[in-house]
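The exercises below are meant to be worked through with the coordinates open. Each one sets a task and is followed by a solution in steps.

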Amino acid sequence: MLDCHDLFQSNLNFKKVLVNLMSSTYNFPEIKTNVLSGLTVALAMVPEAIAFALIAQVSPLTGLYAAILICLITSVFGGRPGMVSGATGALAVVMVSLVIQHGPEYLFFTVILMGILQIIFALFKLGKFIRMVPYPVMLGFVNGLAVVIFIAQFNHFKTINPEGLSVWMEGLPLYIMLSLIALTVGIIYIVPKITKAIPSTLAAIIFTTGIVSFFGIDSKTVGDLGSIAGGFPEFSFPLVPLSLETLQITLPYAFLLAAIGLIESLLTLNLIDDMTDTRGRPNKESLAQGFANIVTGLFGGMGGCAMIGQSMININNGAVRRLSGIATALFLASFVLFLSQWIEMIPLAALIGVMFVVAEKTFEWGSLRLFGKIPKKDIFVGLLVGAVTIIADLAIAVILGVIVSALIFAWEHARIIEVVTSKNKKGCKTYELKGTLFFASVKNFNELFNIKDDPKEVIIDFKLSKVADHSALMAIDNLANKYKLAGKKLHLVHLSPDCLEVLESAKSMVEINVLEDPKYHIADDKLS
């Protein structure tokens, strides 16, 4: 386990962090790239934060405060520079039932518990296990989220009719919205061919906003979602009774939110690692996410985690330093404090166009060419994870994908166990075992031996096999008992010393050869 004192000193000593930031080598082009990308990401986060807050049935400022605080804290203290965190839809859909039943104060308390659970996760160094997520699961996660990002934008194509009902746009308003989206997308793809002095996404937002303002085009704006004007968030411990009943209400939500937040954050970290050919620090990121959520809950925010869409904007702009996330948070704060009337003028079509491009760039189009070229099981797992991400929930999708991958792996390796038999001049029969002996292959292992017809002396050679778990050891013990009851002598050769420690009935039958016996550890609780 991590040394708590060292961990707190290294991650929470603000002076040291400032020194590290100041000592980082930044040249002017990097500063410009990261600051302008931060501005672009901040603009794209505003409607998302408001929309997610409305989904969770809380005020728009609750989402914006979460975006500001989480983005700032994780950018300064996190383990993945360039990754952007804030309020997310994956968490909002879980929060809504809690808010409806018990109110926002219970949500804030739950977010604090969520942060504590994430810190515990980091203290036990569990972030490393994200590396065990198979590539097909990762591919399904990325493609599924790309589709989710794309589909989510269509909620902005709805409007309120005179009867107060939400209906789809039609006629001129729809054509205006589609035209502005097309204009934004076109600018994003054209600008990089002309100049790279300014991020194309920022140029598109500014140009489209200018067109709408100059010609007085009637189109939905950020202000139509709700006002973003506000002051500094105020410290306030959630007004909930500190009782066992409160814990019973909030703890299940906290566990679910913590799991979803960590899975989405660490998978996004993995994705950025691959894109930038660098290595993030999962445990440090988990710790920062936990502290960010605790602070957010204490200042009236809805909590959050990594945002893959905004992170992709950042990375595609070439902003891979901490400065980009810090700039994002500071720009968001300035929007709320000083520039709300200007930000509320931005047409939603411009931001929808940006997110459409993000979805297109996030989707792994090369995966479509893999059909027929990679094993069908990998295609199945990728499609399964993508579909469940779209239909249900990210955490469920990833966990299901890992379980299915593990089951497929176990099933395939269970079949790859066989023996080559031979007899020596003395009539002793040798079974030369090949493959991995573990819980799933035990049945096939037992069927390899013909105890009734075997001679008086039998040798089982494990030199070309591996005994993997306790189920395998029990199978060897049971087989030894059967040979003993049949009045036959069994010799077990080339077993790992670990196996000898756990074997019971078969221990006396093991022949030890220090030079040739393999050395590996088996997965067994008795040895831990």
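**Exercise 1.** Is Phe129 buried, partly exposed or exposed, judged by its relative accessibility? Place the residue in the chain and find the surface patch that contains it.

*Solution.* The structure is a predicted model, and the values that follow are computed from it. Phe129 sits in the loop that runs between α6 (104-123) and α7 (135-152). Its relative accessibility is 44%, and because buried means under 20% and exposed over 50%, Phe129 counts as partly exposed. On the surface, Phe129 belongs to a nonpolar patch together with Ile116, Ile120, Phe124, Leu126 and Met132, and the accessible area of these residues together is about 570 Å².

**Exercise 2.** Determine whether Asp273 is buried or exposed, and identify which backbone atom lies 2.9 Å from a polar atom of its side chain.

*Solution.* Begin with the location: Asp273 is part of helix α10, which covers residues 244-276. The relative accessible area of Asp273 is 5%, so the residue is buried. Next, inspect the side chain, where a polar atom of Asp273 is found 2.9 Å from the backbone nitrogen of Gly280. Finally, list the contacts, setting aside residues up to four places away in sequence: Asp273 touches Arg80, Arg131, Thr278, Arg279 and Gly280.

**Exercise 3.** For Val222, establish the degree of burial, the contacts beyond its sequence neighbours, and the C-alpha separation from Leu242.

*Solution.* Val222 lies in the loop between α9 (200-215) and α10, and with a relative accessibility of 1% it counts as buried. Once neighbours within four places in sequence are left aside, Val222 is in contact with Val46, Ile50, Ile343, Glu344, Ile346, Leu348 and Leu351. Leu242 is 20 residues from Val222 along the chain, and the C-alpha atoms of the two residues are separated by 38 Å.

**Exercise 4.** How far apart in space are Lys377 and Val404, C-alpha to C-alpha, and which residues does Lys377 contact outside its neighbours within four places in sequence?

*Solution.* Lys377 is located in helix α16 (residues 376-391), and its relative accessibility of 27% makes it partly exposed. Lys377 and Val404 are 27 residues apart in sequence, while their C-alpha atoms are 9.5 Å apart. The contacts of Lys377, with those sequence neighbours left aside, are Ile408 and Glu412.

**Exercise 5.** What is the mean pLDDT of the protein, and over which residues is the pLDDT below 50?

*Solution.* The mean pLDDT is 87, and 92% of the residues reach 70 or more. Over residues 1-12 the pLDDT is below 50, although in the model this stretch has 18 contacts beyond near neighbours in sequence.

Definitions and conventions
Residues numbered from 1 in each chain as written. Predicted model: local features only at pLDDT ≥ 70, side-chain atom pairs only at ≥ 80, totals over all residues. Heavy atoms only, no water. Patch = residues over 30% accessible without salt bridge, like charges linked within 9 Å, V, L, I, M, F, W, Y side chains within 5 Å. Areas by Shrake-Rupley, 256 points an atom, 1.4 Å probe, with all protein chains shown as cover. Salt bridge = Lys/Arg side-chain N within 4 Å of Asp/Glu carboxyl O. Helix = DSSP H or I, 4+ residues; strand = E, 2+ residues; numbered from the N terminus. Buried < 20%, exposed > 50% of the residue type's maximum accessible area, 1.4 Å probe, protein only. pLDDT = per-residue confidence, 0-100. Contact = heavy atoms within 4.5 Å. Polar contact = N/O pair within 3.5 Å; in protein donor to acceptor, adjacent residues only side chain to side chain.
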